[in-house]
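Could you walk me through this protein chain in plain words? I would like a friendly tour, from the overall layout down to single residues.

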Amino acid sequence: MMESFGLYVGLFFCVILLVYIPFLHLYMKRRKDKATVYEHEHPEAVKIYFKRVEIDDTLEVISVDNEKPVIHSKGTRHGFYLLPGTHIIHVTCFWADISITALSGYGSHTIRDEKFNVTVEANKEYLLYCNRTTEKFEFKET
């Protein structure tokens, strides 16, 4: 009985991997192609990079001017594109505090969704990150 259960669990994980890996590959290729097309159509586009202050930070750009942002990535650096000018960025950030001691437990924190205006200039790069101490979003030129 236990041997057949292990076989089913192993088969389940194999099926998941056989479906997940090709899907992930196609998704990443499509996202890269979309970024390449956007970069060619808009050579003046400005790159905004996500700066990870801590390893467990998750910064999510919900929208730019009420539209889905075009994401770019180069190596381990990720971000999105903006055209020069003023834009409204809608972002959220969350992270988890994992304590070594069992008494302290686990806690998660979220900086609420926030919309703010940014002005960017052509041929410059910018950083977007969440500051845990002030629980505010920071946007600055690199």
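Is Cys130 buried or exposed? Cys130 counts as buried, because its relative accessibility is 2% and the cut-off for buried is under 20%. Keep this cysteine in mind, for it comes back below.

## The overall layout

Please note that this is a predicted model. The chain contains 1 helix and 8 strands. If you follow the sequence from start to end, the pattern reads α-β-β-β-β-β-β-β-β.

Of the chain's 142 residues, 26% count as buried. The chain exposes about 10400 Å², and carbon and sulfur atoms supply 60% of that area. Now take the contacts between residues at least 6 apart in sequence: 62% of them join residues at least 24 apart.

## A sheet of five strands

Five of the strands form an open sheet in the order S3-S4-S1-S7-S8, and the pairing is mixed. The edges are strand S3 (71–74) and strand S8 (136–141), each of which pairs on one side only. On average, neighbouring strands of this sheet are turned by 30° against each other, with direction ignored.

Let's look at strand S1, residues 46–50. S1 runs antiparallel to strand S4 (residues 77–82), and 4 bridges join the two. Within this pairing, Lys47 has Tyr81 of S4 as its bridge partner, while Tyr49 stands opposite Gly79 in S4. S1 also pairs with strand S7 (residues 125–131), this time in the parallel sense, over 4 bridges. Here the bridge partner of Lys47 is Glu125, and that of Ile48 is Tyr126. Lys47 therefore has a bridge partner in S4 and another in S7.

## Strand S7 and its hairpin

What about the other partner of S7? S7 and S8 pair in the antiparallel sense over 6 bridges, and in one of these pairings Leu127 is matched with Lys140 in S8. The two strands form a hairpin with 4 residues between them. One residue to find in the turn is Glu135, which has a positive phi of about 55°.

S7 is mostly covered, with 5 of its 7 residues buried.

## The disulfide

How many disulfides does the structure hold? There is 1, and it joins Cys93 to Cys130 with an S to S distance of 2.1 Å. The pair links distant parts of the chain: Cys93 lies in strand S5 (residues 85–98) and Cys130 in strand S7, 37 residues apart. As a reminder, a disulfide is a covalent bond between the sulfur atoms of two cysteines.

Cys93 counts as buried because its relative accessibility is 0%. Cys130, at 2%, is buried too. Cys14 has a relative accessible area of 45%, so it is described as partly exposed.

## The nonpolar cores

In soluble globular proteins, nonpolar side chains tend to be buried together. In this model, the largest nonpolar core has 19 residues. Those with the most contacts inside it are Ile48, Phe80, Leu82, Val91, Leu128 and Phe137. The elements that give two or more residues to this core are S1, strand S2 (58–64), S4, S5, strand S6 (106–120) and S7. There is also a second, separate core of 5 residues, including Ala35, Tyr38, Ala45 and Val70.

Which residues does Ile48 touch, leaving aside its neighbours within four places in sequence? Ile48 is in contact with His72, His78, Gly79, Phe80, Leu82, Val120, Tyr126, Leu128 and Phe139. Among them, Phe80, Leu82 and Leu128 are also listed with Ile48 as residues with the most contacts inside the largest core.

## An exposed arginine

Let's finish with Arg112, which is found in strand S6. Arg112 has a relative accessible area of 58%, so it counts as exposed. Leaving aside its neighbours within four places in sequence, Arg112 is in contact with Val91, Thr92 and Phe137. Two of these contacts, Val91 and Phe137, appear in the list of residues with the most contacts inside the largest core.

Where does Phe94 sit relative to Arg112? They are 18 residues apart along the chain, and their C-alpha atoms are separated by 8.6 Å.

Key. Residues are numbered from 1 along each chain as its sequence is written. This is a predicted model: local features need pLDDT of at least 70, side-chain atom pairs count only at pLDDT 80 or more; totals for chains, interfaces and linings use all residues. Side-chain values use heavy atoms; hydrogens and water are left out. Axes are lines fitted to C-alpha atoms, for helices over the stretch in contact, and angles run from 0 to 180 degrees between N-to-C directions. A disulfide is a pair of cysteine sulfur atoms within 2.5 Å. Buried means under 20% relative accessible area, exposed over 50%, partly exposed in between (1.4 Å probe, protein chains only). A nonpolar core is a set of buried Ala, Val, Leu, Ile, Met, Phe, Trp, Tyr and Cys residues joined through side-chain atoms within 4.5 Å. Contact means heavy atoms within 4.5 Å. Accessible areas come from the Shrake-Rupley method with a 1.4 Å probe; for residues, only the protein chains shown count as cover.
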